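Reader: I would like a close look at the enclosed spaces inside this model, taken slowly and with the residues around them named. Please then go on to whatever else can be said of the parts nearby in your account.

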Amino acid sequence: MTIISKTVIRSAIAGLAGIVLGSSAYAQNISGAGATFPYPVYARWAQAYQQETGTNINYQSIGSGGGIRQIKEKTVTFGASDSPLKPEELEQAGLVQFPMIMGGVVPVVNVPGIQPGQLRLDGPTLANIYLGEITSWDDDAIKALNPDLQLPDLAIAPVYRSDGSGTNFLFTNYLSQVSEDFKEQVGSNTSVQWPTGLGARGNEGVAAQTSQIQGAVGYVEYAYAKQNQMTNAVMKNKDGQWVEPNSETFQAAAASADWSANPGYYVILTDQPGAKSWPITGASFILMHRQPQDPAASQSALRFFHWAYMNGDQMADELDYVPMPDKVVDQVEQTWTTGFAEVNGEAMWTGGQQ
Amino acid sequence: MTAQSRTLSGSQARRQSLMDKAFQSATAFFAVLVLLILGGVFVSLVQGALPALGTFGFDFVTTQVWNPVTDRFGAVSPIYGTLMTALIAMAVGIPISFGIAVFLTELAPPWLKRPVGIAIELLAGIPSIIYGIWGLFVFAPIFQQTLQPFLINTIGQVPVIGDLFSGPPFGIGIFTAGLILGIMVLPFITSIMRDVFETVPPMVKESAYGLGATTWEVVWKVVLPYTRVGVVGGVMLGLGRALGETMAVTFVVGNAHRIGNSLMAPGTTISAAIANEFNEAVGELYISSLIALGLILFFITFTVLALAKIMLMRMQQRSGG
């Protein structure tokens with residue numbers, strides 16, 4: 001009893017000291033905020049990194065839009081977004097952008113009698129469902145894609161992310177590419193005006209609504225579909241091949257991306273060519289200030305990202321994310337050396353051995 | 001000796017009057033603080049809402065469009081959803097609360113009063129997110145598979161009002177949100193009704209019974225008139241909660257910026273829209289539009305409370321004259 005209370009008091013004092021001493025003694029605190037899509041893998045990395053180095057990374061998954069806003073307002077060391085900023089936007093806000101991790105968005109359905117991986121969908125059909133033009137599961141368009149399936153006469157309940165999110169951006173970006181109607185009527189953004197269906201908050205909200213409502217179709221980040229054992233659909237990709245969502249097909253989509261040709265790494269991985277490419281794949285980006293107010297914190301953050309690139313692949317794999325290829329990592333670290341303003345006449349990033 | 005004690009008591013009196021003044025100004029400060037906070041909230045809401053209201057003008061409260069891509073925003077569907085869910089909640093909550101309160105104060109055997117009373121207070125203590133989760137995971141699927149198809153096939157077939165109960169059964173929507181809200185406001189209205197019903201002097205009721213009144217007549221003609229201020233207060237508290245409730249509604253309302261022709265259709269409310277979208281809102285207009293929604297909710301709540309006050313004043317005048 002007394003021992004416990006002593007420990008409590010001691011840790012409380014230590015905690016207070018940490019707050020009082022602030023940045024000088026605890027410069028090893030890095031704050032970040034943004035996308036919910038990569039949150040599971042960032043949290044995992046942060047935990048492992050803290051065990052190894054004692055550096056604490058505080059990442060708040062408030063969504064891509066929130067991440068962009070927070071980094072612009074300089075309240076965090078780094079922001080995270082699944083929807084990349086255009087080079088001119090980066091220039092204007094004085095930000096450096098680089099991709100950290102990739103993953104896939106997966107359509108999930110709740111139709112009685114349909115098992116995971118059985119239902120086949122293509123982009124235009126999915127777009128018409130979300131436009132409200134296909135309203136029943138036994139519609140001819142869905143039947144034509146699934147001649148062997150027994151599809152019920154059941155109303156389709158399209159479920160979407162009601163919060164603005166990178167997942168929304170990837171999904172609407174894909175549908176806009178495959179459907180002119182969708183591009184004109186809805187467009188692509190982290191948050192759009194959906195003509196039909198119902199909204200739910202976050203990946204977990206969409207997963208929950210889709211599991212609860214008979215006849216629902218939704219889209220979630222792959223880890224949610226897998227962990228909740230949801231019924232995923234098989235998609236037809238740009239090459240006309242049917243593909244299952246898994247790290248292999250996400251990687252295939254990522255492989256063809258030409259990161260070097262795009263300033264600010266403005267690459268969107270939806271609807272990529274390739275026989276094995278999953279059509280709704282995306283990268284998640286980190287945003288940092290070129291000229292940060294606290295260069296030491298930014299340097300700590302870069303050390304963490306470097307560590308994650310070097311040691312985080314397996315952890316990412318276990319959570320069904322796709323690590324960035326080594327070639328891209330090299331390129332990103334190049335960007336770090338030249339992209340940031342100099343600190344006391346030296347580059348912000350001088351390699352991993354700091 | 002006497003002179004000394006007189007001076008002592010004189011200084012004591014001075015000290016006491018000083019203390020009194022300090023106490024008075026301290027309490028006055030706290031009271032004024034409430035006004036300052038309220039005013040501060042109002043001013044910052046107006047300030048935040050100005051860009052949106054300046055851009056869209058009156059269109060903001062007359063258009064249904066809510067499109068972050070093109071930066072066009074209109075508040076009609078969240079306003080509609082807020083009022084409609086609150087209305088359904090009141091339609092469900094008031095009669096049930098009234099029934100429970102009457103049963104507890106007039107009819108229940110003494111051994112049942114306490115447990116039911118405690119159960120109602122516990123109901124009030126359940127966090128709203130729990131109602132939301134329960135609504136989504138337990139209530140909505142049952143509703144989708146049983147009650148909703150039944151409503152669609154019966155009332156839904158009636159001309160004119162049928163439209164309100166038509167459409168595909170999704171289990172969630174404005175109607176479901178209203179029902180969940182109705183359950184959530186139950187304990188607030190019930191416990192206030194019960195408390196005020198208990199303030200009716202037994203003599204008054206016994207006199208009515210002595211004149212041969214039935215229980216119904218006693219409740220309707222003696223208890224209710226005697227307690228109407230409290231009853232209206234309880235209903236207003238429930239209505240206030242129903243208008244502003246966020247988490248539970250977000251779970252079951254469908255979060256769609258549309259006004260469906262059916263009550264069963266997904267919709268949204270002001271607080272649900274703000275909770276859902278504020279974190280991820282990018283761009284001045286989008287954020288400003290959400291704050292403008294907050295301002296509208298402020299106005300709606302204010303208007304409702306003001307109307308309630310006016311109604312109470314009228315009632316008092318009538319009974320006084």
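Author: In this predicted model, a search of the whole structure finds two cavities of 30 Å³ or more. The largest cavity has a volume of about 160 Å³, and 17 residues line it, of which A:Y160, A:V192, B:N255, B:H257 and B:E277 are the closest to its centre. Residues of chain A and of chain B thus appear together in that list, and the contributing elements can be named as well: strand 6 (157-161) of chain A and helix 9 (270-277) of chain B each supply at least two residues of the lining. Helix 9 of chain B gives the largest share, which amounts to three residues. Sorted by class, the lining of the largest cavity holds seven nonpolar residues, eight polar ones and two charged ones.

The second largest cavity, with a volume of about 40 Å³, is lined by A:Y42, A:I57, A:Y59, A:F78, A:F304 and A:F305. Two elements of chain A, strand 2 (56-60) and helix 12 (295-311), give two or more residues each to this lining. As to class, six residues of the lining of the second largest cavity are nonpolar, while none is polar and none is charged.

Turning from the cavities to a single residue, B:T176 is found in helix 5 of chain B, which covers residues 174-197. The relative accessible area of B:T176 is 1%, and because the cut-off for a buried residue is under 20%, B:T176 counts as buried. Once its neighbours within four places in sequence are left aside, B:T176 is in contact with B:F139, B:F143, B:G171 and B:V252.

A last part to consider is a sheet in chain A, an open one of three strands in the order 5-10-11, with mixed pairing. Strand 5 (120-121) and strand 11 (242-243) of chain A stand at its edges, and since each has a single partner strand, one side of each is left without a neighbour in the sheet. Strands of a sheet pair through backbone hydrogen bonds, in either a parallel or an antiparallel manner. Here strand 10 (residues 234-236) of chain A and strand 11 of chain A run antiparallel and are joined by two bridges. Within that pairing, A:K236 has A:W242, in strand 11 of chain A, as its bridge partner.

Notes:
Residues numbered from 1 in each chain as written. Chains lettered and ligands numbered in written order. Predicted model: local features only at pLDDT ≥ 70, side-chain atom pairs only at ≥ 80, totals over all residues. Heavy atoms only, no water. Pairing = 2+ DSSP bridges. Helix = DSSP H or I, 4+ residues; strand = E, 2+ residues; numbered from the N terminus. 1 Å grid on protein atoms, 1.4 Å probe; cavity = no way out; pocket = protein on both sides within 12 Å on 5 of 7 lines; lining within 4 Å. Points joined across faces, edges and corners; volume = space filled by probe spheres on them. Nonpolar A, V, L, I, M, F, W, Y, C, P; charged D, E, K, R; others polar. Buried < 20%, exposed > 50% of the residue type's maximum accessible area, 1.4 Å probe, protein only. Contact = heavy atoms within 4.5 Å.
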